[in-house]
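Trainee: Could you go through this model with me and show how each label is earned?
Mentor: Happy to, let's take the labels one by one.

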Amino acid sequence: MTVSERPSPPSSGFSARRLIAIDDLSDDEIHYILNLAEYYAGYLKRAAPPPRRLAGKTQINLFFEDSTRTNLSFDLAGKKLGADVINVPVSASSVHKGETLVDTAQTLSAMGAHVMIVRAKEEGLHKTLDETLDCPVVNGGAGKLEHPTQALLDAATICSEFGTLEGLTIAICGDIKHSRVAGSDARLFRRLGAQVRFVGPENLLPDSNQFTDISRFHALKEGLDSADIVMGLRMQFERMEGDGRALAQGFFDEFGLTQETISYAKPSARVMHPGPMNRGVEIDGALADDPERSLILRQVFYGVATRMACLDALITKGI
Ligand code: CP
């Protein structure tokens, strides 16, 4: 899939004013962002400078939780489009003098932000900021709830390999219960026409009243059968109640993604992982590094292109 001409925004316009959840976007807006991501991926592949669509705009990255991929790819995405990007050094900020997270965000917004990317464990914070700030709020990860730009970059990566998600079977495996990626991926992939499955032990799957329309499997062999994509997830110990490390005991033997277990899926199946990976816990290093099977570093590449598309769309509305 290549998009060499700049895509046009939806005929009804790009009206989303925030990206906190996948459902903040219409179907047309999702397709516009995916096309725009592929357009920007072309610049990145050619190492050509993209249009400075965000020159004169200020982007603030406010990460209250650790991040490598999301924070740095938003940083790079904004800079590639010409924005002034501020990465807030949270650990050295006035948050530690008792300032609330909302007051911190309002203070930064008053410096003239045109967009604010926020990662936090507090699941209601993004909504409060959206109601408080004048600029678009982008969710860079909210507790166990949503990670919409990860889902968009995952979809862009799949499109780069398969051309579409329509008709694909995607098995999301591992610690789905504590994952914000799983929820955003499942919502987006289904809207794009894929069949989604959750695969893992019962105590790592969401409560039975959540995602009731997604099939669940408790064995890799059945869960991966006929899958086109196998998405691994790490154990998110930081979001588990108590010491969740006992859950990792024996997990790899039963649910580890390896060169052997991937053979339960289609011969053409690809493996993905949003990162960070824990080799030997949920995925074997040989599979993660397999140049035929693994799309994991391509996900990182599409992270920059997709975040360029999200920033451009939210700030300029495609005009
Ligand atoms: N996938 C992801 O969100 O990675 P980081 O925590 O490194 O941003």
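Trainee: How many salt bridges are there by this rule?
Mentor: The count comes to 20 salt bridges, where the rule asks for a side-chain nitrogen of Lys or Arg within 4 Å of a carboxyl oxygen of Asp or Glu. This is a predicted model, so local features need pLDDT of at least 70 and side-chain atom pairs count only at pLDDT 80 or more, while totals for chains, interfaces and linings use all residues. Residues are numbered from 1 along each chain as its sequence is written, and side-chain values use heavy atoms, with hydrogens and water left out.

Trainee: What makes the pair Lys-79 and Asp-75 a salt bridge?
Mentor: Their side chains meet at 3.0 Å, N to O, and that satisfies the 4 Å limit.

Trainee: Why are Lys-79 and Asp-75 separated by about one helical turn?
Mentor: Because they are four residues apart in helix H2 (residues 69-80); helices here are DSSP runs of H or I with at least four residues, and strands are E runs of at least two, numbered from the N terminus.

Trainee: Which residues surround the ligand?
Mentor: Ser-67, Thr-68, Arg-69, Thr-70, Arg-119, His-147, Gln-150, Pro-274 and Gly-275 do; each counts as near because one of its heavy atoms lies within 4 Å.

Trainee: What makes the approach of Ser-67 to the ligand a polar contact?
Mentor: A polar side-chain atom of Ser-67 lies 2.6 Å from a ligand oxygen, and a pair of N or O atoms within 3.5 Å qualifies. Backbone N or O atoms also take part: one of Arg-69 is 2.9 Å from a ligand oxygen, and one of Gly-275 is 3.1 Å from a ligand nitrogen.

Trainee: Where is Pro-276 found?
Mentor: In the loop between strand S9 (270-272) and helix H9 (285-288). The peptide bond from Gly-275 to Pro-276 is cis, with omega near -10 degrees.

Note on methods
Polar contact = N/O pair within 3.5 Å; in protein donor to acceptor, adjacent residues only side chain to side chain.
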